[in-house]
Amino acid sequence: SKVPPIILNNGIEMPQLGFGVWQVPDDEAERAVATALEAGYRSIDTAAVYENETGTGKAIAASGVAREELFVTTKLWNSAQGYDSTLQAFDESLGKLGLDYVDLYLIHWPMPDKGTYIDTYKAFEKILADGRAKSIGVSNFLPEHLERLIDATSVIPAVNQIELHPHLQQRASREYHAEQGIATEAWSPLGQGKGLLEVPAIVAIAQKHGRSPAQVVLRWHLQLGNVVIPKSVTPSRIEENITVFDFELDPEDMAAISALNEDRRIGPDPADFHVA
Ligand code: NAD
């Protein structure tokens, strides 16, 4: 495959670069995932709340790519947190995907005030034990949420998927994950493409290497060890975003991008995000 893997804390390999489908309607997701699989992506990141598990599953089925070569992630939505409701929501996600297991199942948000993520994760441990998810993990968990989870349960999450890009570098979380053996997966790795890809320092590095700003930002993540899941529905960009394993940023490029941190979120603060 085009994309090298990282090894999760359970020994399972996960491609370091995958394809995200947030905000892509179901029928369009089917086309986009098909294009991504054609371009060589093997990891797909969806979620129950994206309402495109069906289209994602159709593209997977039609692709002819062997199931064991794929790494499919989906996420439990907030309204389904709790032990029994999680088991039921997981069945629905698998059914929509048309799969008999997922590679990674994530709790989408901690919702710490609800106090249900421990029970939810216990259902995840059951799903893992039954072989219906090969790995389990979380998303948008702050170190304090992970600490509580790790104290109260037996399987250390394989992955924490968090908002992470040059304007929000998440040093405290990355350090805590490294201590615990949790892989850091970056959502909105391109900062949603907004201002980030026009930042002069990034544009200059792109010109120096004869690459695009998006490729430079993805390289920065990869060289730090982050898993990335850039999203695009444009075939040329889907191709461009996976063509990042044939060049390297120099130490001074890495330092220049690391100097862009502003601790600025695009998305919600996990400490008080409750939407059901
Ligand atoms: P992203 O950082 O991947 O940016 C995507 C946008 O950047 C595209 O819509 C396009 O406008 C632009 N873009 C993409 N490739 C480009 C290129 N080569 N050149 C120029 N512009 C380009 O943002 P995202 O979609 O928010 O995040 C990626 C994935 O992360 C999502 O699809 C989803 O799977 C996941 N995610 C998870 C959570 C969570 O709470 N767990 C939240 C948001 C996103």
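Biologist: Which pocket does the ligand take up?
Modeller: Keep in mind that this is a predicted model. The ligand sits in a pocket, and in terms of size the space it takes is the largest pocket.

Biologist: How much of the ligand does the protein bury?
Modeller: Let's start with contacts: an oxygen atom of the ligand is 2.8 Å from a polar backbone atom of L190. Taken alone, the ligand exposes 840 Å². Of that area, the protein buries 89%.

Biologist: Which residue has a side chain with an N or O atom 2.9 Å from a nitrogen atom of the ligand?
Modeller: P189 isn't the one, as its polar backbone atom lies 3.3 Å from an oxygen atom of the ligand. The side chain you're after, with an N or O atom 2.9 Å from a ligand nitrogen, belongs to Q161.

Biologist: Which helix gives the most to the shell around the ligand?
Modeller: The shell divides into eleven nonpolar, ten polar and five charged residues. Among the residues that come nearest are D45, S139 and N241. The top helix contributor, with three residues, spans 235-242, and that's α9.

Biologist: Which are the edge strands of the open sheet?
Modeller: The sheet has eight strands with parallel pairing, in the order β3-β4-β5-β6-β7-β8-β9-β10. An edge strand here pairs on one side only. That picks out β3 (19-20) and β10 (227-228).

Biologist: What is the bridge partner of T74 in β6?
Modeller: Look at β5 (residues 71-76) and β6 (residues 102-107), which run parallel and are joined by four bridges. Across in β6, T74's partner is Y105.

Technical notes
Residues numbered from 1 in each chain as written. Predicted model: local features only at pLDDT ≥ 70, side-chain atom pairs only at ≥ 80, totals over all residues. Heavy atoms only, no water. Near = heavy atom within 4 Å. Polar contact = N/O pair within 3.5 Å; in protein donor to acceptor, adjacent residues only side chain to side chain. Areas by Shrake-Rupley, 256 points an atom, 1.4 Å probe, with all protein chains shown as cover. 1 Å grid on protein atoms, 1.4 Å probe; cavity = no way out; pocket = protein on both sides within 12 Å on 5 of 7 lines; lining within 4 Å. Sits in = over half its atoms within 2 Å of the grid points. Helix = DSSP H or I, 4+ residues; strand = E, 2+ residues; numbered from the N terminus. Nonpolar A, V, L, I, M, F, W, Y, C, P; charged D, E, K, R; others polar. Pairing = 2+ DSSP bridges.
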